[in-house]
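Welcome! Please take a moment to look over the chain shown here before reading the tour that goes with it.

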Amino acid sequence: MQAETDILELSWGQLGIAFIALSATGILFGFKALKMPRRKGTYVPPDDVVIAQKKPIGIELVEGEKYAWCACGRSNKQPFCDGSHKGTGITPVVFVADISGLASLCGCKRSDNAPFCNGRHNDL
Ligand code: FES
């Protein structure tokens, strides 16, 4: 009989404190997730790239297919190269898809894990 009465006796103040504590925890985890270290790669983006867009470009890749990812940001066929890099000294990143499926290719052209997005656009 006692246990049932205890639950019903929680005051609004206690409920409020519990709610605030849960919200604070959620916010802390949110910040922690935001601070999660980005996937590090070895690609060094050239200085004068153009930001094609400040978010990744979702694209279906086919295993074994070769692609030329636009590294300069000037292509009209993003995320792929269309030759607009001519004269810039920048060359496309050519890669062969390891697997078939949806990939997030870098749109901001500043990922150090190019051609794949690593969240660097969030800092722009
Ligand atoms: S158009 Fe950008 S690398 Fe070719």
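What follows is a short tour, from the whole chain to its pocket, its cavity and a few residues.

## The chain as a whole

Keep in mind that this is a predicted model. The protein chain has 2 helices and 4 strands. Starting at the N terminus, you meet the elements in the order α-α-β-β-β-β. The protein chain holds 124 residues, and 27% of them count as buried. About 8,600 Å² of the protein chain is exposed, with carbon and sulfur atoms supplying 62% of that area.

How do the contacts spread along the sequence? Among contacts in the protein chain between residues at least 6 apart in sequence, 64% join residues that are at least 24 apart.

## The largest pocket

Let us turn to the open spaces. The largest pocket contains about 150 Å³ of space. Its lining is made of L61, F95, V96, A97, D98, I99, S100, G101, L102, A103 and F116. Two elements each give two or more residues to this lining, namely strand 3 (93–96) and strand 4 (101–105). Which of the elements supplies the largest share of the lining? That is strand 4, with 3 residues.

By residue type, the lining of the largest pocket consists of 8 nonpolar, 2 polar and 1 charged.

## The largest cavity

There is also an enclosed space to find. The count comes to 1 cavity of 30 Å³ or more, and the largest cavity has a volume of about 40 Å³. The residues lining the largest cavity are C70, A71, C72, S75, C81, D82, G83, S84, H85, I90, T91 and P92. They divide into 6 nonpolar, 5 polar and 1 charged.

Here are the two spaces side by side.

| Space | Volume | Nonpolar lining residues | Polar lining residues | Charged lining residues |
|---|---|---|---|---|
| Largest pocket | about 150 Å³ | 8 | 2 | 1 |
| Largest cavity | about 40 Å³ | 6 | 5 | 1 |

## Aromatic rings

Now for the rings. Across the whole structure, a search finds 3 aromatic pairs. One of them is formed by F95 and F116, whose rings meet edge-to-face, at 5.9 Å centre to centre and with 65° between the planes. This pair links distant parts of the chain: F95 lies in strand 3, while F116 lies in the segment after strand 4, 21 residues apart. Both F95 and F116 also appear in the lining of the largest pocket.

Are these two rings buried or exposed? F95 has a relative accessibility of 11%, so F95 counts as buried, because buried means under 20%. F116, at 30%, counts as partly exposed, because that class lies between the 20% limit and the 50% limit.

The rings also form a wider group. Y67, F80, F95 and F116 are linked into a cluster by ring pairs.

## A closer look at E65

The last stop is a single residue. E65 sits in the loop between strand 1 (57–61) and strand 2 (66–69). What does E65 touch, leaving aside its neighbours within four places in sequence? E65 is in contact with F95, V96 and A97, and these three residues are among those lining the largest pocket.

Another residue of that lining is I99. The C-alpha atoms of E65 and I99 are separated by 9.3 Å, with the two residues 34 apart along the chain. The relative accessible area of E65 is 41%, so E65 is partly exposed.

Key. Residues numbered from 1 in each chain as written. Predicted model: local features only at pLDDT ≥ 70, side-chain atom pairs only at ≥ 80, totals over all residues. Heavy atoms only, no water. 1 Å grid on protein atoms, 1.4 Å probe; cavity = no way out; pocket = protein on both sides within 12 Å on 5 of 7 lines; lining within 4 Å. Points joined across faces, edges and corners; volume = space filled by probe spheres on them. Nonpolar A, V, L, I, M, F, W, Y, C, P; charged D, E, K, R; others polar. Buried < 20%, exposed > 50% of the residue type's maximum accessible area, 1.4 Å probe, protein only. Contact = heavy atoms within 4.5 Å. Phe/Tyr/Trp six-rings, centres within 6.5 Å; stacked < 30°, edge-to-face > 60°. Areas by Shrake-Rupley, 256 points an atom, 1.4 Å probe, with all protein chains shown as cover.
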